[in-house]
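Q: Before we look at this protein together, could you show me how to read its features one at a time, giving the general idea and then the case at hand?

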Amino acid sequence: MNGLTRYRDEWFGNIRRDILAGMVGTFALIPEVIAFSFVAGVDPEVGLYASFVISVVIAFTGGRPGMISGAAGSVALVAAALVRGHGVQYLLAATLLAGLFQVVFGLLRLHVLMRYVSRSVRTGFVNALAILIFSAQVPHMLHVSWHTYAMIALGLVIIYGVPKFFTAIPSPLICIVVLSAVAAAIPMPLHTVADLGRLPDSLPHLVWPDVPFSSATLGIIAPYALAMATVGVLESMMTASVVDDITETHSNKRMECTGLGIANIAVGLFGGIAGCGMIGQTVGNLRYGGRGRLSTFVAGAFLLLLMVALRPWVAQVPVAALVAIMIMVSASTFSWSSLRDLVHHPRLSSTVMLLTVAVVVTTHDLAAGVVAGVLLNGVFFAFQVSKMLDITSTCDASGEVRTYVVTGQVFFASADSFTDAFDVRDTARTVRIDLRQAHFWDITAVGALENIVTKMRQHGMTVEVIGLNEASATLVNRHSSIEVAPT
């Protein structure tokens with residue numbers, strides 16, 4: 001399939017399901033985006049406009065069909081400090097710069113860093129997100145009448161029960177329509193979407209950040225913009241990887257990174273806050289059949305339609321309906337099999353997964369959890385590989401020639417074990433270090449070898465280093481005073 005045919009199929013290969021799933025994605029966006037706007041300290045319309053612009057633009061420029069992007073919580077957390085300290089106009093400037101950074105990230109292929117995110121970290125990311133999605137619904141279930149709980153229960157019955165008999169229309173849409181009709185027919189003390197915050201009453205328009213164009217402004221916004229760009233790319237790449245797993249397809253991560261940057265530049269020009277991929281909404285989109293770019297586009301376009309053209313009706317939708325949808329999204333996002341895997345998987349892998357969850361739930365920052373998981377996973381990996389180093393020592397009958405045979409990887413984590421295996425005060429006059437089954441990875445390993453050889457020679461021994469492969473020999477010759485010939 002050539003590029004044009006594939007791109008056309010991504011738009012029009014699944015029209016009905018993409019449209020319906022995109023509409024469901026819109027209703028899933030509304031409560032989250034409004035909540036994240038409050039986190040960032042901006043009006044809800046700033047987050048809603050951002051989600052509209054991002055979804056529409058990235059539908060054309062992104063590399064992961066079927067993925068929903070919008071104003072996200074982790075980006076809002078980074079932006080909050082900037083808004084508190086300098087105001088919304090500086091946030092718009094930082095959003096533009098963050099988008100530019102993301103375009104540069106894509107051009108430099110920095111998306112490949114996702115290769116270092118293990119399955120354990122990804123599972124922890126997904127589970128933590130599911131917990132955060134559910135916890136975000138808890139405030140809507142506190143200090144309310146029994147009517148709210150009854151409506152949530154009815155919504156869940158519709159969401160899970162209708163698909164058993166009828167699948168032409170996604171059950172969350174049916175849930176919204178039915179609960180809205182019930183609330184209109186039977187007056188009850190229920191919170192509605194209008195209670196969540198001020199909704200947009202006009203179309204977004206082009207704006208330019210009202211900040212001084214100076215190096216001082218750049219100094220203020222650059223750290224925040226870089227943090228927003230990094231967090232946004234990280235979450236989008238994680239979300240794209242989850243979609244890849246669910247749909248058993250491959251996506252263009254570089255294009256997604258660059259496309260996100262273009263979308264965020266557009267967001268800054270239309271008065272919105274930077275955003276990224278939203279895994280909860282994306283999973284909901286996939287669950288109800290959204291697979292193509294059209295579902296992403298519809299999620300944004302329908303959001304604007306609801307917020308502007310149908311604002312009076314949307315304002316009356318019970319929050320209980322949205323809570324029921326998000327509870328379903330939370331339950332379907334959580335990897336329930338990971339609870340069973342805690343017993344069967346290696347303890348180190350389970351520890352990484354649990355740490356990722358703990359950090360995210362504690363900080364409400366998905367990026368912090370992923371970074372912590374990756375770092376711990378790296379430490380565990382280095383520890384495991386360092387234990388694979390084996391060094392044996394034999395001496396000839398005369399006791400004059402000792403041979404050390406090194407097998408395994410020599411690097412910063414195994415360098416001490418490597419050093420401890422050699423006796424620099426040996427009585428043998430000739431020492432051979434056989435490295436045919438070893439590999440040297442870094443200057444710490446090179447320094448350990450150099451230190452051993454130097455001390456042995458200072459004690460009058462003749463030292464021969466043999467069998468070093470070409471890559472290791474090049475590293476040793478370049479960064480030490482000893483010279484060895486590659487095999």
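Q: Which residue in S5 does Val 410 stand opposite, and how are strands S4 and S5 paired?
A: Strands of a sheet pair through backbone hydrogen bonds, in either a parallel or an antiparallel sense. In this predicted model, Val 410 stands opposite Phe 440 in S5, and strand S4 (residues 401-410) pairs with S5 in the parallel sense over nine bridges.

Q: In what order do the strands of this sheet lie, and which of them stand at the edges?
A: The sheet is open and has four strands in the order S3-S4-S5-S6, with mixed pairing. Strand S3 (390-395) and S6 stand at the edges and have a single partner strand each, so one side of each is left without a neighbour in the sheet. Neighbouring strands here are turned against each other by 15 degrees on average, with direction ignored.

Q: How many bridges join S5 to S6, and by what path does the chain cross from S5 to S6?
A: Strand S5 (residues 430-440) and S6 run parallel and are joined by five bridges, and Asp 434 stands opposite Ile 466 in S6. Between these two strands the chain passes through helix H19 (residues 443-458), and the resulting β-α-β crossover is right-handed.

Q: Which side chains along strand S6 point to one face, and which to the other?
A: In a regular strand the side chains alternate between the two faces of the sheet. Along S6 (residues 462-466), Val 463 and Val 465 point to one face and are buried, whereas Thr 462, Glu 464 and Ile 466 point to the other face and are not buried.

Q: What does the UniProt record say about residues 401-487?
A: An unreviewed UniProt entry annotates residues 401-487 as "domain: STAS". Over residues 401-487 the chain is 37% helix and 30% strand, and the end C-alpha atoms lie 21 Å apart.

Q: How many aromatic pairs does the structure hold, and why is the pair of Phe 334 and Trp 336 described as it is?
A: A pair of aromatic rings is described by the distance of the centres and the angle of the planes. The structure holds nine aromatic pairs. In the case of Phe 334 and Trp 336, the ring centres are 4.6 Å apart and the planes stand at 50 degrees, so this pair is tilted, an angle of 30 to 60 degrees being what that word requires. Phe 334 is buried, with a relative accessible area of 15%, whereas Trp 336 is exposed, at 53%. Elsewhere, ring pairs link Trp 11, Phe 12, Phe 60 and Phe 297 into a cluster.

Q: Where is Arg 109 found, and where is Glu 248 placed?
A: Both cases concern the backbone angle phi. Arg 109 has a positive phi of about 60 degrees although it is not a glycine, and this residue is found in the loop between helix H5 (88-107) and helix H6 (119-137), where it is partly exposed, with a relative accessible area of 46%. Glu 248, likewise not a glycine, has a positive phi of about 55 degrees; its place is in the loop between helix H9 (215-247) and helix H10 (253-269), and it is exposed, with a relative accessible area of 72%.

Q: Is Ser 118 buried or exposed, and with which side chain does the side chain of Ser 118 make a polar contact?
A: Ser 118 lies in the loop between H5 and H6 and counts as buried at 17% relative accessibility, since the cut-off for buried is under 20%. The side chain of Ser 118 makes a polar contact with the side chain of Asn 377, at 3.5 Å.

Note on methods
Residues numbered from 1 in each chain as written. Predicted model: local features only at pLDDT ≥ 70, side-chain atom pairs only at ≥ 80, totals over all residues. Heavy atoms only, no water. UniProt positions renumbered as here; feature names shortened; annotations may be inferred. Buried < 20%, exposed > 50% of the residue type's maximum accessible area, 1.4 Å probe, protein only. Pairing = 2+ DSSP bridges. Right-handed = clockwise from strand over helix to strand, strands pointing away. Phe/Tyr/Trp six-rings, centres within 6.5 Å; stacked < 30°, edge-to-face > 60°. Axes fitted to C-alpha atoms, helices over the stretch in contact; angles between N-to-C directions. Polar contact = N/O pair within 3.5 Å; in protein donor to acceptor, adjacent residues only side chain to side chain.
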